[in-house]
Amino acid sequence: MSITYAGWVPTPPDPPPERRDATDEEARALASTVRMRILRVCLGQARSNKEIAEALGRDPATVLHHVRRLVDTGFLAAQPVRRGTRGSREVPYLATGKSWQISTPGKDRVLIDAFVEEVALVPAETVRTARVGLRLSEAELEEFEGRFIALLDEYVQRSDDADGDPWSVFLAVHPDPNRA
């Protein structure tokens, strides 16, 4: 069913791009907790190297190395040059969202480390968590992961709402070492 209003017909959102395996260069670029955190800092708001370094509590020269690597592999995009404090020239960088579209071997450990670093920066009472133990066949596990990724895709596509508060979602599915 299609609703029209004064000739306007709403169109459904574009389907998310197909996920693909990362190239070796892309995988190496994402194999760093610092780089994963840089992508988060630059998600939805362009930040200069100095601003990124301040947000991470890191040295700007070290951060610039990581920023350049992310730009070279297409995970960050340089935005138009702007004037900074005291008239200095600065280049802001914005995350492209490319990291959501690819899978990399070993990225899971980096994501866990980045999550632990980030969650340590916020008050514990603001972290909403859930934990459950499940018994799933391989097919059920694939279905679960597919449905969850589809849900995340739906929200990623509409997350440009400037009025909303920024939230981060982390999900880990792992074999349970506590149960037979």
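A charge is taken to sit over a ring if NZ of Lys or CZ of Arg is within 6 Å of the ring centre and within 35 degrees of the ring normal. The legends below refer to a predicted model.

**Figure 1. Charged side chains over the rings of tryptophan 100 and phenylalanine 75.** Arginine 19 places its charged end over the ring of tryptophan 100, at 4.5 Å from the ring centre. In a second case, the charged end of lysine 98 sits over the ring of phenylalanine 75, 4.8 Å from its centre. Phenylalanine 75 is also listed among the residues with the most contacts inside the largest nonpolar core.

**Figure 2. Surroundings of glutamate 18.** Glutamate 18 belongs to the segment before strand 1 (20-21). Its relative accessible area is 71%, over the 50% limit, and the residue is therefore classed as exposed. The C-alpha atoms of glutamate 18 and isoleucine 102 are 8.6 Å apart in space, while 84 residues separate the two in sequence.

**Figure 3. Stacked rings of phenylalanine 115 and phenylalanine 170.** The whole structure contains 2 aromatic pairs. In the pair shown here, the ring centres of phenylalanine 115 and phenylalanine 170 are 4.4 Å apart and the planes meet at 15°, so the pair is stacked. Distant parts of the chain are linked in this way: phenylalanine 115 lies in helix 5 (residues 107-119) and phenylalanine 170 in the segment after helix 6 (138-157), 55 residues apart. Phenylalanine 115 has a relative accessible area of 30% and is partly exposed; phenylalanine 170, at 33%, is also partly exposed.

**Figure 4. Aromatic pair within helix 6.** Phenylalanine 144 and phenylalanine 148 form a stacked pair, with 6.5 Å from centre to centre and 20° between the planes. Both residues lie in helix 6, and their separation of 4 residues corresponds to about one turn of the helix. Phenylalanine 144 is partly exposed at 33% relative accessibility, and phenylalanine 148 is partly exposed at 22%.

**Figure 5. The largest nonpolar core and the contacts of leucine 76.** In soluble globular proteins, nonpolar side chains tend to be buried together. The largest nonpolar core of this model has 23 residues, and those with the most contacts inside it are Ile38, Leu39, Ile52, Val67, Phe75 and Leu76. At least two core residues come from each of helix 1 (24-29), helix 2 (33-41), helix 3 (49-56), helix 4 (60-72), strand 6 (92-95) and helix 5. Helix 2 contributes the largest share, 5 residues. With neighbours within four places in sequence left aside, the contacts of leucine 76 include Ile38, Leu39, Cys42, Val67, Leu70 and Val71, together with Tyr93, Leu94, Ala95 and Thr96.

**Figure 6. Open antiparallel sheet of 3 strands.** The strands follow the order 2-6-3. Strand 2 (47-48) and strand 3 (76-78) stand at the edges; each has a single partner strand, so one side of each is left without a neighbour in the sheet. The antiparallel pairing of strand 2 with strand 6 runs over 2 bridges. Arginine 47 faces tyrosine 93, a residue of strand 6, from the opposite position.

**Figure 7. Confidence of the model and its residues 1-5.** The protein chain has an average pLDDT of 86, and 86% of the residues score at least 70. Residues 1-5 have a pLDDT below 50, and beyond near neighbours in sequence this stretch makes 5 contacts in the model. Where pLDDT is low, the predicted coordinates should not be read in detail.

Notes: Residues numbered from 1 in each chain as written. Predicted model: local features only at pLDDT ≥ 70, side-chain atom pairs only at ≥ 80, totals over all residues. Heavy atoms only, no water. Buried < 20%, exposed > 50% of the residue type's maximum accessible area, 1.4 Å probe, protein only. Phe/Tyr/Trp six-rings, centres within 6.5 Å; stacked < 30°, edge-to-face > 60°. Core = buried A, V, L, I, M, F, W, Y, C linked by side-chain atoms within 4.5 Å. Contact = heavy atoms within 4.5 Å. Pairing = 2+ DSSP bridges. pLDDT = per-residue confidence, 0-100.
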